[in-house]
Amino acid sequence: MNARESAQPAPGPAAASDERWMREALALAREAGARGEVPVGAIVVVGDAIVGRGGNAPISASDPTAHAEIAALRDAGRALGNYRLPGAALYVTLEPCAMCAGALMHARVGRVVYGAADPKTGACGSVVDLMAEPRLNHHATVTAGVLAGECGALLSDFFAARRAGN
């Protein structure tokens, strides 16, 4: 059985909550874009609290692992004093890549919510679906497409400006 939920959140409190948290991730994505990084933002939520935040920083950190999801997981781990994050949800503006999906599985994150799909490197259904791979020992529930238009536009505008030389 595939762990993926509908691309459109169901109406009601859960959808409103997902949009609320995704807006927090979008703010971090905008901050990353302002620093010249690909504008991706992520937060880790436990209960009704943000316990981890991250924005893309591979360029400024000279670190290929400095993706928003990794930064948010590290921040959450420090905040909670544990490398395992069972019951946590990660909200990210762009579908996680294979590296980030692997980190989410190792952290035992229970739910992944993303905005824009990534048709080139997405590992939660677009290219591969690591979260639904039955041979792996941990699976997170995935909700795709929360504020996808807004998340995708942020990325498209960023790359259009770079192509134009801005």
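Helices (H or I, at least four residues) and strands (E, at least two) are DSSP runs, numbered from the N terminus. Alanine 164, for instance, sits in the segment after helix 5. The model is a predicted one, so to speak of local features a pLDDT of at least 70 is needed, side-chain atom pairs count only at pLDDT 80 or more, and totals for chains, interfaces and linings use all residues. Residues are numbered from 1 along each chain as its sequence is written, and side-chain values use heavy atoms, with hydrogens and water left out.

Let's start with the strands. Strand 1 (residues 41–46) and strand 2 (residues 49–55) pair in the antiparallel sense over six bridges; two strands count as a pair if DSSP finds at least two bridges between them. One pairing to look up is isoleucine 43, whose bridge partner in strand 2 is arginine 53. The two strands make a hairpin with two residues between them, and glycine 47 in the turn has a positive phi of about 65°. On another side of the pairing scheme, strand 1 is joined to strand 3 (89–94) by four bridges, again running antiparallel. Here alanine 42 has valine 92 as its bridge partner in strand 3. Strand 3 in turn is joined to strand 4 (111–116) by five bridges, and these two run parallel. Leucine 94 finds its bridge partner in strand 4, at alanine 116.

How well covered are these strands? "Buried" means under 20% relative accessible area, "exposed" means over 50%, and "partly exposed" is in between (1.4 Å probe, protein chains only). By that yardstick strand 2 is mostly covered, with five of its seven residues buried. Strand 3 is mostly covered too, with six of its six residues buried.

Next comes the inside. A nonpolar core is a set of buried Ala, Val, Leu, Ile, Met, Phe, Trp, Tyr and Cys residues joined through side-chain atoms within 4.5 Å. The largest one has 44 residues, and those that touch the most other members are Met22, Val44, Leu90, Tyr91, Val109 and Met131. Helix 1 (residues 13–34) gives the most to this core, with six residues. Valine 44 has a long list of contacts, where contact means heavy atoms within 4.5 Å. Leaving out residues up to four places away in sequence, valine 44 touches Ala49, Ile50, Val51, Gly52, Ala72, Leu73, Ala76, Ala88, Ala89 and Leu90.

Helix 4 (residues 98–107) has its own buried set: Cys100, Ala101, Gly102, Leu104, Met105 and Ala107. What covers these residues includes helix 3 (68–80), strand 3 and strand 4. Just after helix 4, arginine 108 takes a positive phi of about 65°.

The loop between helix 2 (58–61) and helix 3 holds threonine 65. Threonine 65 counts as partly exposed because its relative accessibility is 29%. Not counting residues up to four places away in sequence, threonine 65 touches Ile70, Arg74 and Met99. The C-alpha atoms of threonine 65 and cysteine 100 are separated by 8.6 Å, with the two residues 35 apart along the chain. Serine 62 is found in the loop between helix 2 and helix 3 as well. Serine 62 has a positive phi of about 50° although it is not a glycine, and it counts as exposed because its relative accessible area is 66%.

Leucine 147 also has a positive phi, of about 55°, without being a glycine. Leucine 147 lies in the loop between strand 5 (141–144) and helix 5, and it counts as buried because its relative accessibility is 15%. Back at the segment after helix 5, alanine 164 counts as exposed because its relative accessibility is 56%. Alanine 164 and alanine 123 are 41 residues apart in sequence and 29 Å apart in space, C-alpha to C-alpha.

Finally, the pocket. On a 1 Å grid over the protein atoms alone, a pocket is an open set of points where a 1.4 Å probe fits, with protein on both sides within 12 Å along at least five of seven lines, and lining residues have an atom within 4 Å of a point. The largest pocket has a volume of about 340 Å³, a volume being the space filled by probe spheres set on the points. Of its 18 lining residues, Val38, Val40, Leu94, Asp118 and Leu155 are the closest to its centre. Helix 5 (residues 148–163) gives the most to this lining, with four residues.
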